[in-house]
Structures are given as structure tokens and as C-alpha cells.
Protein chains: 2
Amino acid sequence: MSRWEPNARERLVRAAVESFLERGYDEVTVAEITERAGLTKRTFFRHFTDKREVLFAGQDILSRIFAEAIAAAPTSATPIEAISAALTATETAFGPDHREWARKVQTVVAGHTDLRERELLKKAKLRAAMADALRERGVPDPAASLAAEIGGLAFTTGFARWVAPANERDFGEVAREALSELVEATAKLG
Amino acid sequence: MSRWEPNARERLVRAAVESFLERGYDEVTVAEITERAGLTKRTFFRHFTDKREVLFAGQDILSRIFAEAIAAAPTSATPIEAISAALTATETAFGPDHREWARKVQTVVAGHTDLRERELLKKAKLRAAMADALRERGVPDPAASLAAEIGGLAFTTGFARWVAPANERDFGEVAREALSELVEATAKLG
DNA sequence: CCTGTGATGACACTTGGTGCCGTCAAGCTA
DNA sequence: TAGCTTGACGGCACCAAGTGTCATCACAGG
């Protein structure tokens with residue numbers, strides 16, 4: 001038998017989100033989270049650099065998925081088509097079974113400026129990864145940055161629709177929908 | 001004669017930036033900043049909610065300038081034209097005499113993730129203000145969000161060029177230049 | 001059986017940030 | 001002149017985030 005219960009990281013995440021939902025983000029101390037998870041404060045900060053970071057665990061792999069999907073798109077694909085393919089590729093991370101959990105996390109994040117700030121950092125990394133991947137395909141600036149910005153907006157909009165209370169549609173579907181709406185809107189700007 | 005030296009807030013900002021440049025952001029404590037400014041820690045947190053916030057003092061009025069300039073644009077102006085006018089309107093806040101100071105601040109901010117995170121929050125507020133002002137003009141979503149996103153990118157690019165070491169051109173000029181480059185790039189995305 | 005390794009506990013410590021109260025110049029009013 | 005209020009700051013105690021450091025002990029490999 002193991003000296004400690006397994007899945008310490010996952011236990012911390014669950015304990016944190018449940019505590020945050022019950023009593024609010026800044027009413028919960030790290031010590032209380034770790035107590036709930038049967039661990040200590042020091043262990044929490046071995047798994048997460050921050051108190052906030054516990055709510056964004058695994059978010060970093062999204063950048064990798066996006067970058068790989070953009071790189072894997074056919075050479076003939078336009079920047080927008082490459083981004084559309086990348087949005088499709090993230091369906092693995094946004095399966096229907098994850099939606100309820102995503103709603104919980106989103107509820108906590110939406111309620112606190114500190115957390116929305118961290119969310120912005122994650123999205124900025126996502127956009128940077130997309131822009132890098134596009135430049136790797138030979139898309140010049142500022143087109144690469146612009147496409148990444150539009151992709152980020154499509155991602156954000158799609159995610160919002162995906163976690164919306166009544167929604168049952170897949171993430172890829174609503175995200176691609178948001179993307180094509182944005183592409184159409186580019187005609188009405190000038 | 002006054003009981004205390006005037007301009008406490010400004011003294012704090014100057015003391016902070018100079019200290020950060022000399023020894024790095026996280027090697028400097030708030031107590032050291034306030035000591036340098038001849039004040040106390042408590043007073044620092046009366047003027048700034050955060051240690052980071054001291055580097056972004058006055059940034060919030062930018063949102064107001066943008067919103068007012070967009071609202072003041074002629075009814076016939078397209079979203080992009082309204083944003084171009086807003087970029088021009090910020091020249092007051094980005095005069096040539098502020099450039100050297102902006103370079104110092106930018107040097108500090110660029111070197112620390114915590115500070116770039118706060119910068120992202122400020123830019124997000126800017127984009128939100130722009131999108132709101134555009135919607136107020138009757139621009140529907142997602143065109144308003146998209147235009148705000150492009151405006152934010154133009155602002156960021158323009159600012160980067162404005163503070164670039166060799167640059168001597170005005171902020172409005174380089175920002176409008178960045179904006180028109182982005183508008184041209186929209187044609188190459190589809 | 002021995003030894004290294006990796007994950008955790010335990011504890012002290014620094015620092016950001018807040019609550020609360022005291023102090024005193026300036027300004028207003030009578 | 002006297003009295004009162006207001007605003008800005010000092011001082012102090014306190015909490016919680018985050019870090020450095022060492023000890024502990026199951027487990028894997030030889």
C-alpha cells in the first residue's frame with residue numbers, strides 16, 4: 001500500500017473548485033483547500049505556482065493542440081481554414097463530459113477579477129501559439145497576428161456558447177460557427 | 001506650510017520605477033519604495049490597490065479617451081474610421097515628452113510575467129470600452145468586438161513602434177499606420 | 001540487502017495587503 | 001477667536017500567499 005493516497009493533484013483541484021463554489025474564491029484559504037484534500041499547504045504550491053493556477057490546470061496543453069493542428073493543416077489551407085481546423089482539434093479537450101465541470105470553473109472565474117486576469121494570460125498564450133504556428137506556415141505579419149486574434153475571439157465566443165446553460169451543441173460546432181460569423185463581419189468594418 | 005510634502009502619488013510612482021529599474025521588480029519591496037518616497041507602506045496601498053498597479057497609474061483614463069473619441073466620430077464614419085480617430089485622440093496622453101518615461105516603464109513591465117498579466121487586463125478593459133462605444137453607435141456584434149480587437153492590436157503595435165529605441169515619430173502616426181496595415185491584411189485571411 | 005529517488009510533511013520566514021485607530025494641518029462656521 | 005469637520009498620512013497588529021530547507025519514508029532497481 002502506498003504511503004499516500006494517489007492523485008494528489010486532482011484531489012487538490014476538486015477540493016479547490018468545490019470550496020470556491022461554496023464560499024467564494026477569496027474566502028477560501030489554501031490551507032483549507034489542502035485540509036479538504038488531505039494534504040498540506042506546501043504540497044499545494046508544489047503542484048501549482050499560484051492559488052489561481054489551480055483553476056487553470058491543463059489549460060496549457062491547449063496551446064500545444066492548437067499549434068499542432070495549425071501545423072498539420074494542408075499547405076493549401078488559408079489562415080482562417082487552419083484556425084478552423086485547430087478549433088475542431090480541441091474537441092478532445094472539450095468533450096460533453098467535461099462541460100458540467102467547465103461550467104463550474106467558469107462560474108468561479110467569472111466572479112473574480114484576479115481570476116479573469118489569469119484567464120487573459122492563458123488566452124494571450126493561446127493567441128501567441130496560434131500566431132507562431134501561422135508564421136511557421138509562412139503567413140507574414142500582421143496577417144498572422146490578426147488571424148490569431150480572430151481565432152482567439154472565436155475561441156472565447158465559442159466557449160461562452162458551449163458552456164451556456166441551455167446549450168447542448170459540441171464545442172467545435174459553435175466555435176466554427178463563431179469563426180465564420182467573424183469572417184463575415186470583416187467585410188462590414190471598412 | 002503643509003504637514004506633508006505634496007504629490008505623494010507621483011513620488012511613489014517615481015520611486016517605484018527607479019527602484020525597479022535598479023534592482024528588478026521582485027527584489028524591491030513596497031516598504032523600500034515608500035521609504036524612498038518618504039512615506040509608509042500603508043499610504044502606498046491607499047494610492048494603489050496593488051504593488052503592480054503603481055506601474056499602470058493613469059492607464060484607466062485611456063479607456064475614457066477612446067470611448068469619447070469613438071462616440072464623437074461623425075455618424076457616417078465606419079467602425080475602422082472611428083477607431084482611427086480614437087487612436088489620434090490619444091496623442092495627448094502619448095506626447096513626445098512622455099516617451100522616455102514610457103520606455104522605462106515598458107522595460108520593467110516586459111521583464112515580468114506578473115506585470116504583463118496586469119498589462120493584459122488593462123488592454124482588455126480598453127478593448128471592452130471600444131466595443132461598448134461602437135455598439136453605442138449601432139455597430140452590431142460580432143462586428144463591434146472584432147473592430148475593438150483590431151483596434152487593440154493596432155494600439156499594441158503602435159505603442160511598440162512608438163517606444164522602439166530609434167523611433168522619433170508620433171504615436172498617432174505609427175498607430176494609424178499599424179491600423180491600416182491590419183485592415184489590408186484582412187483581405188489575405190480567407 | 002542496500003541505496004537512491006521522489007513525493008510529501010513540518011516549520012520558520014518574508015512580504016503583500018487590510019482593518020483600525022491616532023494625529024494634525026486646513027478650512028469652514030459662528 | 002473658538003470650535004468643528006475633513007482629509008491625508010503614520011503606526012500597529014494581523015492574515016494569508018508563497019518560499020527555503022530539512023526530515024521522512026514507500027518504492028524501484030541492483
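**Close-ups of a predicted two-chain model with DNA**

**View 1. Chain A is helices from end to end of its pattern, α-α-α-α-α-α-α-α-α along the sequence.** This is a predicted model, and in it chain A has nine helices and zero strands. Picture the C-alpha atoms of chain A filling a box of roughly 55 × 35 × 30 Å along the principal axes. Of the 190 residues in chain A, 35% count as buried. Look at contacts in chain A between residues at least 6 apart in sequence, and 63% of them turn out to join residues at least 24 apart.

**View 2. Chain A and chain B are related by a rotation of 180°.** As a general point, two copies of a chain are related by a rotation about an axis and a shift along it. Here the shift along the axis is 0.0 Å, and chain A superposes on chain B with an RMSD of 0.0 Å. That is the relation of a two-fold axis. The same surface serves both copies, with 100% of the contact residues of chain A recurring in chain B.

**View 3. Where chain A meets chain B, each chain puts in 24 residues.** On the side of chain A that touches chain B, the elements giving two or more residues are α5 (79-89), α7 (113-136), α8 (143-163) and α9 (171-185) of chain A. Which of them gives the largest share? That would be α8(A), with seven residues. Sorted by class, this side of chain A has 14 nonpolar, five polar and five charged residues.

**View 4. The largest nonpolar core has 74 residues.** In soluble globular proteins, nonpolar side chains tend to be buried together. Within this core, A:Ile70 and B:Ile70 have the most contacts. Its largest share, 11 residues, comes from α8(A). Zoom in on A:Ile70 and, leaving out residues up to four places away in sequence, you find it touching A:Ala82, A:Ile83, A:Ala86, A:Met130, A:Ala133, A:Leu134 and A:Arg137.

**View 5. A:Phe66 sits in helix α4 (residues 60-72) of chain A.** Is A:Phe66 buried or exposed? It counts as buried, because it has 27 C-beta neighbours inside 10 Å. Setting aside neighbours within four places in sequence, A:Phe66 is in contact with A:Ala86, A:Leu126, A:Ala129, A:Met130 and A:Ala133. A:Trp101 is 35 residues away from A:Phe66 along the chain, and the C-alpha atoms of the two are separated by 22 Å.

**View 6. DNA strand C has 18 residues around it, drawn from chains A and B.** Those that come nearest are A:Ala8, A:Thr40, A:Thr43, B:Arg3 and B:Lys51. The surface near this strand gets at least two residues each from α3 of chain A and from α2 (30-37) and α3 of chain B. The largest share, three residues, is the work of α3(A). By class, the residues near DNA strand C divide into seven nonpolar, five polar and six charged.

**View 7. Around DNA strand D there are 18 residues.** Nearest to the strand come A:Arg3, A:Lys51, B:Ala8, B:Thr40 and B:Thr43. For the surface near DNA strand D, at least two residues each are supplied by α2 (30-37) and α3 (41-47) of chain A, together with α3 (41-47) of chain B. Which helix gives the largest share of this surface? Here α3(B) does, with three residues. The class tally near DNA strand D is seven nonpolar, five polar and six charged residues.

How values were computed. Residues numbered from 1 in each chain as written. Chains lettered and ligands numbered in written order. Predicted model: local features only at pLDDT ≥ 70, side-chain atom pairs only at ≥ 80, totals over all residues. Contact = placed C-beta atoms within 7 Å. Helix = DSSP H or I, 4+ residues; strand = E, 2+ residues; numbered from the N terminus. Nonpolar A, V, L, I, M, F, W, Y, C, P; charged D, E, K, R; others polar. Near = placed C-beta within 6 Å. Least-squares fit on C-alpha atoms with pLDDT ≥ 70 in both. Core = buried A, V, L, I, M, F, W, Y, C linked by C-beta atoms within 7 Å. Buried ≥ 20, exposed ≤ 12 C-beta atoms within 10 Å, placed from the backbone.
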